[in-house]
Amino acid sequence: MANMISDETIAYVGILAKLELSGEEKERAKKDMEEMLDYMDQLNELDTSDTEPMSHAFFMQNVFRKDVVTNGDGSKDTLANAPEKKDGGIKAPKTIG
Amino acid sequence: MSLTGFTALELGKKIKVREVSVKETAAAFLAAIRNRDQTTNSFITVDEEQVLKRAELVQTQIDNGSLCGPLAGVPMAVKDNICTKGIKTTCGSKMLDQFLPTYTAEAVRNLECAGAVLLGKTNMDEFAMGSTTEASYYGAARNPWNERHVTGGSSGGSCAAVAAEECPFSLGSDTGGSIRQPSSFCGVTGIKPTYGTVSRYGLIAYGSSLDQIGPIAKNVSDCAAVLEVISSWDQKDSTSIQRRDLDFTSALLDDVAGMKIGIPRDYFDDGLDAEVRAAVLEAADILKERGAQVEWFDLGLVKYAVPAYYVIACAEASSNLARFDGVKYGYRTGEYEGLHHMYKKSRSEGFGLEVKRRIMLGSFVLSSGYYDAYYLKALKTRTLLKQEFDKAFAIYDVILGPTAPSTAPALGSSLEDPMKMYLGDIYTVSVNLAGLPGISVPCGTDSKGLPIGMQLIGDCFQEKKIIRAAYAFEQSGTYRRSPLACGAIE
């Protein structure tokens with residue numbers, strides 16, 4: 001194994017990914033990630049010093065349209081999907097104070 | 001022959017000349033689902049009452065002349081990561097177990113406008129992450145040719161449903177081979193269109209720069225007809241491309257005379273199963289006999305496609321799946337202390353192992369300190385891979401090779417060794433990285449009786465060339481077989 005993932009790294013990635021892993025899951029994730037990163041390190045065999053990165057297959061640019069409502073009021077259907085609701089709004093845990 | 005044995009276009013004709021009604025047709029497929037889905041587990045949701053209601057409505061529209069296209073009245077199935085208004089769309093995940101979309105995906109809307117009747121939503125790997133359809137919250141789909149084997153994935157339910165005649169055609173999505181590979185494993189035909197051809201509006205995003213919706217059917221003609229309907233420029237998808245050459249059925253010509261077909265040497269390395277190799281090369285010989293110029297060439301950089309793909313796909317997935325936080329829709333955990341704990345617990349309980357694995361990896365390759373080494377490096381590799389294809393398509397009309405290195409593996413043999421599963425995507429992922437169109441067509445079976453698929457790859461916007469080559473091969477006639485005709489499923 002060339003790549004070693006520390007407990008700190010797994011904890012940090014868990015924060016970024018907003019995932020809470022059990023002890024067993026963490027060990028598994030470390031092993032999987034080390035294996036994948038070793039495999040991905042193959043890309044270092046390629047000289048890309050003069051190569052531009054490609055994020056899309058084609059040239060992409062922002063597309064603008066007029067901000068006009070075309071789909072009517074979907075609030076009832078949208079609210080029906082909410083895990084918890086109150087007074088026509090989505091109920092979420094307190095965020096401040 | 002039972003109604004379910006006909007192709008989509010044949011059924012459309014029968015409905016048009018009033019030989020059968022829309023309702024009779026839908027009922028025949030609903031009965032097939034009732035009989036065979038306990039074996040294949042292709043469907044997650046089927047609402048029989050709604051299907052028959054819709055069939056009656058479509059019949060009225062056919063009768064009054066407002067619907068007259070080739071797919072009017074024809075039933076279909078749709079992969080469960082494609083939104084359907086008011087019909088549960090789970091993405092194969094506990095996270096969206098109760099999710100009812102408030103709108104319908106553009107591709108499905110196009111088909112509904114053409115008169116297709118939705119039978120139900122098909123099984124898939126959770127969030128389309130997997131190559132076997134075993135990573136589904138609703139249990140693994142099983143291959144109609146042998147129920148102890150996987151269907152492939154992630155559009156495994158959509159492909160198994162077509163193979164087992166539970167629907168005449170279906171929609172799948174393809175991020176790294178998810179239409180073509182299960183099509184190969186289930187002995188059906190599937191197309192991944194050029195990026196931007198089919199609107200992604202309403203497709204639950206996995207890797208946004210790679211995802212495309214495409215058709216799966218019994219043959220090339222059906223696929224071309226469905227692709228013609230679902231392709232459209234859509235303001236609601238900023239990556240949608242305005243094309244004028246969407247008359248794909250005009251390419252259904254039994255003529256490959258003079259067509260230049262290249263076979264990449266690197267696709268036939270040691271990792272390829274000998275029986276798959278033989279069947280694909282035999283198919284290439286058939287195209288040669290029919291007048292195509294077939295030759296070997298070096299594509300180059302083939303082994304770098306899978307690592308580059310997994311960096312990019314996981315990075316995009318980690319960003320796309322950040323929206324599943326238990327707030328507005330989807331699963332929310334029962335007990336928590338504060339907002340952040342609610343986010344973390346909901347996501348950890350709502351996502352399965354493979355999804356978490358890819359979100360973790362994606363978050364890592366995008367994190368500061370590793371972004372340049374992994375993510376940026378993969379994007380640069382993507383440029384190099386595209387250049388290799390550009391060089392090839394300056395010479396060849398079509399690239400021919402296997403769709404997958406083997407036939408369908410046995411159930412339970414893939415998820416424990418994810419690296420092995422990822423390597424199975426070697427022939428399909430580069431097509432997504434470069435935005436190209438690809439088709440998988442059945443070209444034989446192995447000694448275990450499992451189907452083998454041949455992949456034809458075209459340059460961007462050249463679907464017609466791969467459709468023409470695939471159609472000409474299909475007309476040679478030996479490989480149109482069904483698991484029902486072979487007695488693999490009753």
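Leaving aside its neighbours within four places in sequence, which residues is Ala29(A) in contact with? I will start there, and a reminder before the answer: this is a predicted model.

The contacts of Ala29(A) are Ile10(A), Leu21(A) and Met360(B). Ala29(A) itself sits in helix H2 of chain A. Its relative accessibility is 12%, which is why Ala29(A) counts as buried; the cut-off for that is under 20%. Phe64(A), 35 residues away in sequence, lies 41 Å from Ala29(A) in space, C-alpha to C-alpha.

Two of those contact residues, Ile10(A) and Met360(B), turn up again in a helix pair between the chains. Helix H1 of chain A, residues 7-17, and helix H11 of chain B, residues 353-366, have axes that come within 9 Å and cross at roughly 100°. H1(A) is therefore roughly perpendicular to H11(B). On the H1(A) side, the contact is made by Thr9(A), Ile10(A), Val13(A), Gly14(A), Leu16(A) and Ala17(A). On the H11(B) side, the residues are Ile359(B), Met360(B), Ser363(B) and Phe364(B). By class, that contact has seven nonpolar residues, three polar and no charged.

Now the helix that holds Ala29(A). H2(A), residues 23-40, packs with helix H9 of chain B, residues 305-320, at an angle of about 125°, and the axes are 9 Å apart. That angle makes H2(A) oblique to H9(B). The crossing of H2(A) past H9(B) is left-handed. Met36(A), Tyr39(A) and Met40(A) of H2(A) make the contact with Val306(B), Pro307(B), Tyr310(B) and Val311(B) of H9(B). Here the contact has seven nonpolar residues, with no polar and no charged ones.

Next, the sheet in chain B. It is an open sheet of 11 strands with mixed pairing, and the order is E1-E3-E2-E4-E6-E5-E10-E11-E9-E7-E8. Which strands stand at the edges? They are E1 and E8, the latter being residues 293-297; each has a single partner strand, so one side of each is left without a neighbour in the sheet. From one strand to the next, the twist averages 30°. Helix H12 of chain B, residues 371-393, packs on this sheet and touches E8, E9 and E11 of chain B. The direction of H12(B) makes about 115° with that of E9(B).

I will take two strands of the sheet in turn, beginning with E4(B). Is E4(B) largely enclosed or left open? Six of its six residues are buried, so E4(B) is largely enclosed by the rest of the structure. In a regular strand, side chains alternate between the two faces of the sheet. Both faces of E4(B) are covered: Phe169(B), Leu171(B) and Ser173(B) are buried on one side, and Ser170(B), Gly172(B) and Asp174(B) on the other.

E4(B) pairs with E2(B) in the parallel sense over two bridges. The bridge partner of Val78(B) is Leu171(B) in E4(B), and that of Ala77(B) is Ser170(B). With E6(B), the pairing of E4(B) is antiparallel and runs over six bridges. Asp174(B) stands opposite Gln212(B) in that strand, E6(B).

The other strand is E9(B), residues 398-402. Five of its five residues are buried, so to speak of it as mostly covered is fair. E9(B) pairs with E7(B), residues 260-264, in the parallel sense over two bridges, and Gly262(B) stands opposite Ile399(B) in E9(B). With E11(B), residues 451-458, E9(B) pairs in the antiparallel sense over five bridges. There, Val398(B) stands opposite Gly458(B).

Last, helix H5 of chain B, residues 156-163. H5(B) is mostly covered, with eight of its eight residues buried. The buried residues are Gly156(B), Gly157(B), Ser158(B), Cys159(B), Ala160(B), Ala161(B), Val162(B) and Ala163(B). What covers them includes strands E1, E2, E3, E4 and E6 of chain B, along with helix H6(B), residues 180-186. After H5(B) comes Glu165(B), whose phi is positive, near 60°.

Definitions and conventions: Residues are numbered from 1 along each chain as its sequence is written. Chains are lettered from A and ligands numbered from 1 in the order in which they are written. This is a predicted model: local features need pLDDT of at least 70, side-chain atom pairs count only at pLDDT 80 or more; totals for chains, interfaces and linings use all residues. Side-chain values use heavy atoms; hydrogens and water are left out. Buried means under 20% relative accessible area, exposed over 50%, partly exposed in between (1.4 Å probe, protein chains only). Helices (H or I, at least four residues) and strands (E, at least two) are DSSP runs, numbered from the N terminus. Two strands pair if DSSP finds at least two bridges between them. Axes are lines fitted to C-alpha atoms, for helices over the stretch in contact, and angles run from 0 to 180 degrees between N-to-C directions. Angles under 35 degrees count as roughly parallel, over 145 as roughly antiparallel, 65 to 115 as roughly perpendicular and the rest as oblique. A crossing is left-handed if the near helix is turned anticlockwise from the far one by less than a right angle, and right-handed if clockwise. Contact means heavy atoms within 4.5 Å. Ala, Val, Leu, Ile, Met, Phe, Trp, Tyr, Cys and Pro count as nonpolar, Asp, Glu, Lys and Arg as charged, and the others, Gly among them, as polar.
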